[in-house]
Structures are given as C-alpha cells and as structure tokens.
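The exercises below ask for a careful reading of one structure, each with a task and a solution in steps. Please keep the sequence and the coordinates at hand while working through them.

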Amino acid sequence: MAYDVKAVQREWEGHETELSWGRYPVEHEPIRRHCHMIDDANPLFIEEGRCPPVMVDFFASQGPWPAADFDILGLIRRIPTPGDRLINLNQEIEWFLPVRVGDRLGVRHKVASIHQRSTRLDPLSVWIRTETTIVNAREQVVARRINQILVHRTPEEIVAEMAAVVRRRAVE
C-alpha cells in the first residue's frame, strides 16, 4: 500500500476544529455520583462544587457517541491512514483554572503532528499528536491536553497486503 505521509502532513498538520460548546453545564449531581462511585469524599468536589479533573472532558463534550466531526475521535478518523484502529498511547494535561458547578465548557482540537513509524503491531503505523484546549464560558483556558495516538491496521489487513505483494511479484 502506498501511503504518502508527507501529503497527509501538508493537509492536516495544524488543522484545528472550531470551538464547540459542551452539551451540558457542569452539574453537581453527576459529580456527586462519580465521587460516590469511586469512593472519593474530597470536599472540594462534594461540598464546594469543583469538578474532578477526570470529568472535565465529559462536560466539554457533546456526549459519548456518536463521534462528531468536531470531536477528537471524529477529527482523527478524517485523517487518511492505512489502518483505522486507534490506541491512545498517552496524554498530558496542564491545568490553568478550576472548573466549578455552573461553568459551561467548550473545546477545540488541533492536529499537532503526524508521523509514520513502524511498530511490531504494524509496519505502517501512523502516530498522530493532538492538542485539545478546554475553555470556560469567558473563553479562558481551563486546561490543555496533548494526546499521542497510534493508528494501525488489523493483523488480517497486514497479512492480506503481504499476500497481494507476493502475488504481484510472482506475476512480474
């Protein structure tokens, strides 16, 4: 399979989604349920109305499914790659402001870099680095997240491609 990573980089690196506002404002009840579920009695969350960091993405999103073109999964799926299997390898989050009950959150995603680098999983693995900015209603930056995502093919796709290459060489 011919994959022109340079052309994909030219088209997609630096691409940024529009600011999209979360479906729901930050609410106490989901925070309370989350804290009780994981046995977190932190008074900042239960009594003072702060949002646990792990829940910020939920309140900044349109919901879990289906992936929209403007969310991170929808954005990654639009970038041409040999495979369509995703692994979120890591993420780094930098926090700037606390999030409180009543806040409205918005999000914008940016494709920072795209590289093709072989892995044991797939010799045509594509590595996509994204930057996500989460803002409050005053568009003050609340947090910035950097994700490293690996996109790969299934083992069956790799075997099928190798078989096709062998057949082509046999004909030549």
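Trp-21 has Gly-106 in E3 as its bridge partner, and this pair, taken from a predicted model, is the starting point for the first exercise.

**Exercise 1. Work out how strand E1 is joined to E3, and in which sense the two strands run.**

Solution. Step one is to list the partners: besides the pairing of Trp-21 with Gly-106, Ser-20 has Val-107 in E3 as its bridge partner. Step two is to set these pairs against the strands themselves, since E1 covers residues 20-21 and E3 covers residues 106-116, with two bridges joining them in the antiparallel sense.

**Exercise 2. Follow the pairing onward from E3 through E4 to E5, and state the order of the strands in the sheet.**

Solution. Step one concerns E3 and E4 (residues 126-135), which run antiparallel and are joined by ten bridges; within this pairing Gln-116 stands opposite Val-126, while Gly-106, already met as the partner of Trp-21, stands opposite Val-135. Step two moves on to E5 (residues 141-152), which pairs with E4 over ten bridges, again in the antiparallel sense, and here Trp-127 stands opposite Leu-150. Step three looks at the hairpin of E4 and E5, where five residues lie between the strands and Glu-139 takes a positive phi near 60°. Step four assembles the result, an open sheet of five strands in the order E1-E3-E4-E5-E2 with antiparallel pairing. The edges of this sheet are E1 and E2, each of which pairs on one side only.

**Exercise 3. Decide for E4 and for helix H6 whether each is mostly covered or largely in the open.**

Solution. Step one takes E4, in which eight of the ten residues are buried, and this strand is therefore mostly covered. Step two takes H6 (residues 155-171), a helix of 17 residues that reaches 25 Å from its first C-alpha to its last, close to the 24 Å expected at 1.5 Å a residue. Step three counts the buried residues of H6, and because the number is one of the 17, the helix lies largely in the open.

**Exercise 4. Explain why Cys-35 and Cys-51 do not form a bond with each other.**

Solution. Step one is the search of the whole structure, which finds zero disulfides. Step two is the distance: the closest cysteine sulfur to that of Cys-35 belongs to Cys-51 and lies 8.9 Å away, which is too far for a bond, given that a disulfide requires sulfur atoms within 2.5 Å. Step three adds the surroundings of the two residues, for Cys-35 counts as buried at 1% relative accessibility, and Cys-51 is buried as well, with a relative accessible area of 6%.

**Exercise 5. Identify which residues make the nonpolar surface patch of about 220 Å², and classify Leu-89 by its accessibility.**

Solution. Step one names the residues of the patch, which are Ile-87, Leu-89 and Leu-121. Step two places Leu-89 in strand E2 (residues 85-95), one of the two edge strands of the sheet. Step three compares its relative accessibility of 37% with the class limits, and Leu-89 counts as partly exposed because buried means under 20% and exposed means over 50%.

Methods: Residues numbered from 1 in each chain as written. Predicted model: local features only at pLDDT ≥ 70, side-chain atom pairs only at ≥ 80, totals over all residues. Heavy atoms only, no water. Pairing = 2+ DSSP bridges. Helix = DSSP H or I, 4+ residues; strand = E, 2+ residues; numbered from the N terminus. Expected span 1.5 Å × (residues − 1). Buried < 20%, exposed > 50% of the residue type's maximum accessible area, 1.4 Å probe, protein only. Patch = residues over 30% accessible without salt bridge, like charges linked within 9 Å, V, L, I, M, F, W, Y side chains within 5 Å. Areas by Shrake-Rupley, 256 points an atom, 1.4 Å probe, with all protein chains shown as cover. Salt bridge = Lys/Arg side-chain N within 4 Å of Asp/Glu carboxyl O.
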